[in-house]
Each structure stands twice: as C-alpha cells, then as structure tokens.
Amino acid sequence: MIAEVGSFALVLALAFAIAQAGLSATARARRSTVLAAAGEGAAVASFAGVAIAFACLIHAFVTSDFSVANVAANSHTEKPMLYKVAGSWGSHEGSILLWCFILTGYGAAAATLGRGLPQGLKALMVAVQGALGTVFLAYTVFASNPLARLAADQIPVEGRSLNPLLQDPALAFHPPFLYSGYVGMSVVFSLAVAALIEGRVDAAWARWVRPWALAAWSFLTVGITLGAFWAYYELGWGGWWFWDPVENASFMPWLMATALLHSAIVTEKRGALAGWSLFLALGAFTFSMLGAFLVRSGVLTSVHAFAVDPRRGVLLLIILGLTSGSAFALFAWRAPKLSPGGVFAPVSRESALVLNNILLAAATATVMLGTLYPLIRQALTGEAISVGPPYFNLTFAPLMATLAIILPAGPLLAWKRGDLQGVGQRLWVAALIALGVGLATYALVSPRKALGALGIAIGAWLVVGAFVEILERTRAFRVPAADSWRRLTGLPRGAWGMTLAHLGLGVFVLGACCELGWKGEAAEALPLGGALDVAGYHLVLETVGPVEVPNFDAERAMIRVSKAGKPVCTGEPDRRFYPAGGQTVSGIALCYRGASHLYMVLGERRTAPTGTPIWLIRAYWNPWATLIFLGPVIMALGGLTSLSDRRMRLGVARRARPEPLEQPA
Amino acid sequence: MRRHALAAIFAGLLCLAAAADPADRLADPAQEARARAIFADVRCLVCQNESIDDSEAELAAELRKVVREQVKAGRSDAEIKRFLTDRYGEFVLMTPKLSWTNLVLWGGPFLVVVLGAGLLAGRLRNRSGEIELSPEEAERVRRLSQTDPT
C-alpha cells in the first residue's frame, strides 16, 4: 500500500512540476503576480510530492518489502539499518529519485528564498526549474519507477543485497552530497536561462547566482572527497584518484563551477565577462547531466558504474540534448547582444581571474577529452584506445600547477589596473619560503624526487600565500597591532571564505604531492609470526582468526607495528566474504602517524611449501595522506563561510519593498 | 630486509596491489621495478578500466608474466610495449599514442589555452583605449584621431 502511495505522490509531483512550468511562464508573459505566486506554490507542492515518494521508498527498504522490485534487487534483511536506508539511493532508480528529490528541493528553495530577484526574472527561473523537474520526473515515472511492484509470483523471500563495496559509511553519504552539488547547478542553469530570455545580465544577476553556485560547489567538493576517501580505504589499492571515467564525470562540473565562482566575481564587481559567466552557468549543469548520463548509460567502462541499461541511456541522452541544447541555442542567439562590461588593464584582478578561467576551462577540456575521446574515436573508426592516468599527469597536472603558481597573486591585485611590483613586494617572502621548502625537500628527503619537491614547493606557496593575503588585509606589521586586530575581526566572511578555499587547495597539493612522491609499498606472503618492513616500520603478523558477523563472514588478522623496536600500533585488516552477493572484499586497517597513514591489507590465504598456511599481506606507507582529504574539506568550509557572508543575503533583505513586476526597460 | 626496503623505494610513484604478489616477483629489484613501471601502463583488457598492476584477473596475471619474462630476457620498455600493441592493439596501453589521429586529444587542452589567451589579448588591446572617457573626452579623442595622419 505504501509503495502505491509513493507512486501516486510521484505522479502528483510530476503534475505539479508541469503546473509550475506553465504557471510561472504565463506569469512572466502576462506579468501577473497571482500566477507567479501560484507557480511558486506548485514548486513547493512538487517538492512535497517527491519527498513523500522518497519517504515511501525508504520505508520499503527499512521494512524489507521485497514485493518492491528495487528493494528485492538491492536490499537484504540482515543488512545494518544505515545501509538499508542508504540502499534506497544506491541503485539506478533510487538514485534518480534522489536526484529528483534534490532538484525539486532546490526549486522550492529558490521559489521561496529568491525574493530579492526582479519578479520577471524570478518567474522565468521558477518556470525553467519546473521544466527541468518535469523532464526528470517524467523519466522517473515512465522509465525508472523505483516503487514498481513485482508480480505476486516473483516476490523473493530474501533480497539480493547491496553490492558489499557500497556498504560503507562514506559511500552512504556520498550520493546525497554529490547530487546536492550536481543538482544545485540546476538553479544556476535556470537563472542563466531566465537571464538570457530577459536579455539582461548584470552585477545583480551575478550576485544572485553566486550563493547558489557556492552552495552547490561546496556540496560537490564534499561529495567528491567522500568518494575519493571511499576509494582510498575500501578498494584496498591504496590509491585515492584513478582518473576513472566516473570520477571524471563528477570532476568536470566541479571544475566548471569553480570557474563560474571566479568569473561571477568579475561580473558582479565589474560587470564584465557576463557572457562567459552565463556560458559556465549553463556548462556546469550540462556536465552534471552528462555525468548522470555517462554513469548510467553503459557507454563507459568503469569500476563504479551503475548497472547499465542502454534504453534508459538513450532517454537520458535525449533529456541532456533537449535541455542543454535549447539552453545553448538560446545562449548563441542572445549572448552576442550582452554588454561587454567594464574594461581592465593586462595586469589587474580581472586579468588574473580570466587567466584562472582559461586554465580551468583547459583543465575541463583535458578531463572531457580524456573521458570522451576514446568513445568518440571508437565510434568513428572502430579502433579502441585507452586514456589512462599518464595522459592526465601530462596534461592536467601542468595546467593546475600553472594555476596554483598565479593563484596567490590574484587576490593581491587591484581591480582594473594592478601593480605587479606591489604584489611582488608583498609576496616575495612567501616565494622565498616556498622556494626554501622546495629546495630543502629536494635536498633532504630520500629518495630524491624533483617533481615531488616542486609539488611541495607549490603547496607551500599556496599555504603561505593564503596567510600573506590575510596579513595584507589586516595591514599586519605596518599599523599598530590593535588596528590589525580590529581589521582582522572586521573582515567580511567572504574574504575568510576565499582565503580558506585557497588554503585548502594548498593543503591538498601538499598532501597529494607528498603521497604521490614518497609512497612506500611492501607485500609479502607471511606465516604467523612473519614480518614485513615498509618505510622504517616493522610489521609482524600476530594472529589470523575467523570473525562471524551477521552480514558477512570474515577472516581478521592482527598485525603488530613497531618502529625502531618501539611498539607503534596494531592493525586489524580483514577479508570479508558476503554470502548474499558471493563477493570477497578486503577491509583495510589504517594506522595514523601524524598526517601520514600506514595502510594494511589482508590478502588471500595460501599454503607454503612446508604445509603451513601463509597470508598475503600488503602494506603501504602513505605520507601526509590525511591532507589529501583535509584540503578539500577546508575548501568546502571556505565555500560555506563565504555563503554565510552578509552580502550574500542582501537580496533577501530587500524583500521589505517588493518591486513592481514591470521592469524598467 | 634489504630487499623489502629496496622494493619500497622502487615502488615510488606506483601505488598498487595485485602485481605486488611476492610469489611472481623477479629476483633483480631493478628489473622488478621496471616491470612494475610497465604494468602501470598496460591495461587489463577484460577488466573495467584497470591496469594489470591493479587487477586480480587471470588475464592480467598472464600479461604480468609475459612482461616479467621479457624484462628478464633484457628487452627494452619500448620493445615490450611494441610487442603488446602488436598483439592487442593500441587499446592495451594506458597512455594514448602521440599520433595524428590523437591530435584532438593531446592538442585540445593546449588549443583551449591558446584560444583563451587570444581572446583575452584581443579584449585587452581593443578596449584599452576606452578607459574612463567622459563624452567630452571621447569627442576630443575622435577629433584628434581624425586629424592624426596615421
């Protein structure tokens, strides 16, 4: 019964989404506040419908209602509660429902929050958001209903369980964050389409776009980081980013959104780059949809693609083509008429931000080509090629390194016409420190790695640059300390947010370069009492015993770790067998040493020639690996800090005096 | 002991799993390190986007054996990779070839940078004369540029 209620609510949500699009578009055409309010109401109603459907799906998972096809295929009675709930968005159908839930949620939020917007623009935005909701809800209802029942004679006694690799806390929360990021770009997209129809893109538009872009970007950052962390400790390879097509699919919208956040600043402060900001706003959501398509259509081979269904892939491709195609057509038609905005000198904050955008656009192109070129080439010539990590190391890494090198100078440059010499005077200490750190790393750390040392120098440059930026804002050491303190406490949150985000990037670069450069690895087949050495640590395999837990059978090892004779920690990696799905998964053990990790994996059991059992033990030394995940978290915190800035809410504050619907021409 | 330390050092940029199986390792650590470097660039053909360095598939194990044998026999990296591409096609290598057919792939990002820089330069040049002119100033500029022989 509850599943039927959910299906019904889903159809209602679709009807409301259609109403939302129709009412709001008519409201704009007839300049009617009543219709506009009705459209906004429909947006909220549509969200409520999807929320009910989603709650029903979660209920079906929690109660293990195997008459629902999706539950039977993806759940199991003995699964822990968290994974029963997370299972509701772990499958194709469930994830699309989550997508719709977040899409309509953003739509409802934009409809209720965006009161500072000119009403024409807002009505159009709500209409576009409604159109997006219509398309995705129609897809859910007609092609991928997660609440569909099985025929009575096909209902199984037990479910087929969720892929055990996905039974993990980081991954349980990965999709909600990732989708909040992906779909958050829909508001930015709708605002861009609305502005193109209105024919006006100005500082005010950029100001409205930024909070949405910031929120989506922060969610996406957290989502991608959770995914990387999951890959790091669940896949048992010791790596965290594989340039896998599915990872790339989530990385492209992130790069686009990052570029948008920076170009929107130029549009907001100087009225320039309006067309480019619009392009990025459309591009960010297009790449989000492209990601959704790539992951689900089966055109990609990846470690973590969804169960594939080409028919649905075609439908998603049609959705992508329709929405993005029409938006970009509109862009091509209207954008040339936009005002080019303020002018600026070659050395200026605008130029620095444009450079940032060029490099981020090139980086996006790299990731896109690396992901799609093999598909295109195979389709055209029938020849298959592989594009693996070496390609990205050769193209993406230099682009990002260039970006990182110019980054600390950007915030110190003045708008319109900057003073390179002044920037040099402020940054030479940072440059000296970075150079010193790099040289010291090159000279002192063994084994000697030039590229690793360069990476560490760039990381140090970013971190010190972020501090210099704050010191500059407070005029530290140039005015009395009390004055500096007052300036420090009076800094707008937006400034803190930017500094945090840049600092986070520096922290990430330090961690990534250290880990990539100086990773240690050892593997050995050990009998009980056998030992293995990695990066100065001595690992002794003490015991291996069976563990019986309800969800899986496991064998767990106890490894005692010592350094220079002193005990350090014990690691308990396990090897789990999931009877429900018939899969074997390694559960790794991490021993934290400061920011570095000792990463231990228990492999298969063998028999030595002497007849005693031996186990394959792998251990990695991952120096500074914590920073790889900490950096993006700091970046996301920066985004949220910036989002809480008073200036972001100015639009809302204006609601006291509603504007007339007619806009001055 | 010493052998593990060396292995740890040689592992360097590689970060991987299946290939580390001690049972298959070459005796000479330098040769083993070379083999591992090649593994990272060879695709496990039956897997989902994994190199033979990561994969536990049977075919990957076979390919590792082939590569290790050839390394042991003293063939160069290029020779081994040519042997693999002759047998399995370009698909087997993780690094796409620098060839005319892959021009778009390798040149694309570079093209975006050049295009972007060109647009920026164009914008800076075209508009640098228009900074902050009042209508009177603009009129003066117009008159002056008309009388100017250039």
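In this predicted model, four strands of chain A form an open sheet in the order β1-β10-β9-β8, with antiparallel pairing. The edges are taken by β1 (520–526) and β8 (589–593) of chain A; each has a single partner strand, so one side of each is left without a neighbour in the sheet. From one strand to the next, the twist averages 20°. At the β8 edge, β8(A) pairs in the antiparallel sense with strand β9 (residues 596–607) of chain A, over five bridges. A handy residue pair for locating this pairing on screen is Leu590(A) with its bridge partner in β9(A), Tyr599(A). As general background, the strands of a sheet pair through backbone hydrogen bonds, in either a parallel or an antiparallel manner.

A further set of antiparallel pairings involves the strands β2 to β6 of chain A, and following the chain is a convenient way to read them. Strand β2 (residues 531–534) of chain A pairs with β3(A) in the antiparallel sense, over four bridges. Here Asp533(A) stands opposite His538(A) in β3(A). The two strands, β2(A) and β3(A), form a hairpin with two residues between them, and Ala535(A) in that turn has a positive phi of about 45°.

Strand β3 (residues 537–548) of chain A then runs antiparallel to strand β4 (residues 553–563) of chain A, to which 11 bridges join it. Two residue pairs serve as markers for this pairing: Leu539(A) stands opposite Val561(A) in β4(A), and Leu541(A) has Ile559(A) in β4(A) as its bridge partner.

Strand β4(A) also pairs with β5(A) and β6(A). Five bridges join β4(A) to strand β5 (residues 566–571) of chain A, again in the antiparallel sense. Ile559(A), already met as the bridge partner of Leu541(A), stands opposite Gly571(A) in β5(A). The hairpin of β4(A) and β5(A) has two residues between the strands, and Ala564(A) in this hairpin takes a positive phi near 50°. Strand β6 (residues 574–578) of chain A runs antiparallel to β4(A) as well, joined to it by four bridges. In this pairing, the partner of Asp553(A) is Phe577(A) in β6(A).

Turning to chain A as a whole, it holds 19 helices and 10 strands. Its division gives domain 1 (1–152), domain 2 (200–383), domain 3 (419–518 + 627–632) and domain 4 (520–622). The centres of domain 1 and domain 4 of chain A, taken over C-alpha atoms, are separated by 45 Å. Along the principal axes, the C-alpha atoms of chain A fill a box of roughly 90 × 75 × 55 Å. A compact globule of 665 residues would have a radius of gyration near 26 Å, and the 27 Å found for chain A agrees with this. Of the 665 residues in chain A, 57% are buried. Among its contacts between residues at least 6 apart in sequence, 75% join residues at least 24 apart.

Two helices of chain A illustrate its helical part. Helix α1 (residues 2–30) has 29 residues, which at 1.5 Å a residue should span 42 Å; its end C-alpha atoms lie 41 Å apart, which agrees. Just after α1(A), Arg31(A) takes a positive phi of about 50°.

The second example is helix α11 (residues 310–334) of chain A, where Thr323(A) has its place. Thr323(A) counts as buried because 22 other C-beta atoms lie within 10 Å, and 20 or more are needed for that label. Beyond its neighbours within four places in sequence, Thr323(A) is in contact with Leu132(A), Val135(A) and Met289(A). Measuring across the model on screen, a reader will find Thr323(A) and Glu604(A) to be 50 Å apart, C-alpha to C-alpha, with a sequence separation of 281 residues.

Chain B has six helices and zero strands. From the N terminus on, its elements run α-α-α-α-α-α. Buried residues make up 29% of the 150 residues in chain B. Of the contacts in chain B with a separation of 6 or more, 48% come from residues 24 or more positions apart.

Definitions and conventions:
Residues numbered from 1 in each chain as written. Chains lettered and ligands numbered in written order. Predicted model: local features only at pLDDT ≥ 70, side-chain atom pairs only at ≥ 80, totals over all residues. Buried ≥ 20, exposed ≤ 12 C-beta atoms within 10 Å, placed from the backbone. Contact = placed C-beta atoms within 7 Å. Pairing = 2+ DSSP bridges. Axes fitted to C-alpha atoms, helices over the stretch in contact; angles between N-to-C directions. Expected span 1.5 Å × (residues − 1). Rg over C-alpha atoms; globule rule 2.2 N^0.38 Å. Domains from an automatic or database assignment.
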